[in-house]
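This briefing is meant to be read with the model open beside it, so that each residue can be found as it is named. Please take the topics in order, since later points return to residues met earlier.

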Amino acid sequence: MICPPSDAHKDGGYNVAKLMRAVAEPFLVSHFGDGVIDEVFSRYQKIVADSMSREKTEFVNVTVSLTKRG
């Protein structure tokens, strides 16, 4: 489980992990199962927070829209 910080709006690692979890969790669960998801995103939160504390971080949003042909 992603641990909420005491001041969530200031913790970019928490915010980024929640965002990425919302996007990637369905894909990861279908491939790996749901047994590892909490641990994966908990580790991801720590990695992102550490990176953001050491350097200025910029994020890019990529949107992909798929339609079924046929």
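Helix α1, residues 12-32, spans only 26 Å between its end C-alpha atoms, whereas a straight helix of 21 residues would span 30 Å at 1.5 Å a residue. A kink of about 55° lies in this helix at A24, shortly before the proline P26. The model is a predicted one, and the points below go through helix α1, the charged pairs, the aromatic pair and a patch on the surface.

**Helix α1 and its buried residues**

- The buried residues of α1 are G12, G13, Y14, V16, A17, R21 and A24, and A24 is also the residue at which the kink of about 55° lies.
- Y14, which lies in helix α1, has a relative accessible area of 14% and is therefore buried, because the cut-off for a buried residue is under 20%.
- Although Y14 and S42 are 28 residues apart along the chain, their C-alpha atoms are separated by 8.9 Å.

**Salt bridges around R21**

- Side chains of opposite charge can pair when their charged atoms come close, and the structure holds 4 such salt bridges.
- One of them joins R21 to E25, with the closest N and O atoms 3.3 Å apart, and both residues lie in helix α1, 4 residues apart, which is about one turn of the helix.
- The two partners differ in how they are covered, since R21 counts as buried at 16% relative accessibility, while E25 counts as partly exposed at 27%.
- R21 also meets D38 in a salt bridge, at 2.7 Å from N to O; because R21 lies in helix α1 and D38 in helix α2, this pair ties together parts that are 17 residues apart in sequence.
- D38 has a relative accessible area of 37%, so this residue is partly exposed.

**A salt bridge within helix α2**

- D50 and R54 form another salt bridge, in which the closest N and O atoms are 2.9 Å apart.
- Both D50 and R54 belong to helix α2, where they are 4 residues apart, or about one turn of the helix.
- D50 counts as partly exposed because its relative accessibility is 39%, whereas R54, at 57%, counts as exposed.
- Returning to the earlier charged residues, R21, E25 and D38 are joined into one network by salt bridges that share partners.

**The aromatic pair**

- How many aromatic pairs does a search of the whole structure find? The search finds 1 aromatic pair, formed by F41 and Y44, whose rings are arranged edge-to-face, with 6.5 Å from centre to centre and 90° between the planes.
- F41 and Y44 are 3 residues apart in helix α2, so they are separated by about one helical turn.
- Is F41 buried or exposed? With a relative accessible area of 4%, F41 is buried, while its partner Y44 counts as partly exposed at 29% relative accessibility.

**A nonpolar patch on the surface**

- V60, V62, V64 and L66 form a nonpolar patch on the surface, and together these residues have about 510 Å² of accessible area.
- V60, one of the residues in this patch, lies in the segment after helix α2, which covers residues 37-54.
- V60 has a relative accessibility of 71%, and because the cut-off for an exposed residue is over 50%, V60 counts as exposed.

Definitions and conventions:
Residues are numbered from 1 along each chain as its sequence is written. This is a predicted model: local features need pLDDT of at least 70, side-chain atom pairs count only at pLDDT 80 or more; totals for chains, interfaces and linings use all residues. Side-chain values use heavy atoms; hydrogens and water are left out. Patches are made of residues with over 30% relative accessible area and no salt bridge: like charges are joined within 9 Å, nonpolar side chains (Val, Leu, Ile, Met, Phe, Trp, Tyr) within 5 Å. Accessible areas come from the Shrake-Rupley method with a 1.4 Å probe; for residues, only the protein chains shown count as cover. A salt bridge is a side-chain nitrogen of Lys or Arg within 4 Å of a carboxyl oxygen of Asp or Glu. Helices (H or I, at least four residues) and strands (E, at least two) are DSSP runs, numbered from the N terminus. Buried means under 20% relative accessible area, exposed over 50%, partly exposed in between (1.4 Å probe, protein chains only). Rings of Phe, Tyr and Trp (its six-membered ring) pair if their centres lie within 6.5 Å; planes under 30 degrees apart count as stacked, over 60 as edge-to-face and the rest as tilted. The expected span of a helix is 1.5 Å times one less than its number of residues. The bend at a residue is the angle between axes fitted to the seven residues ending there and the seven starting there.
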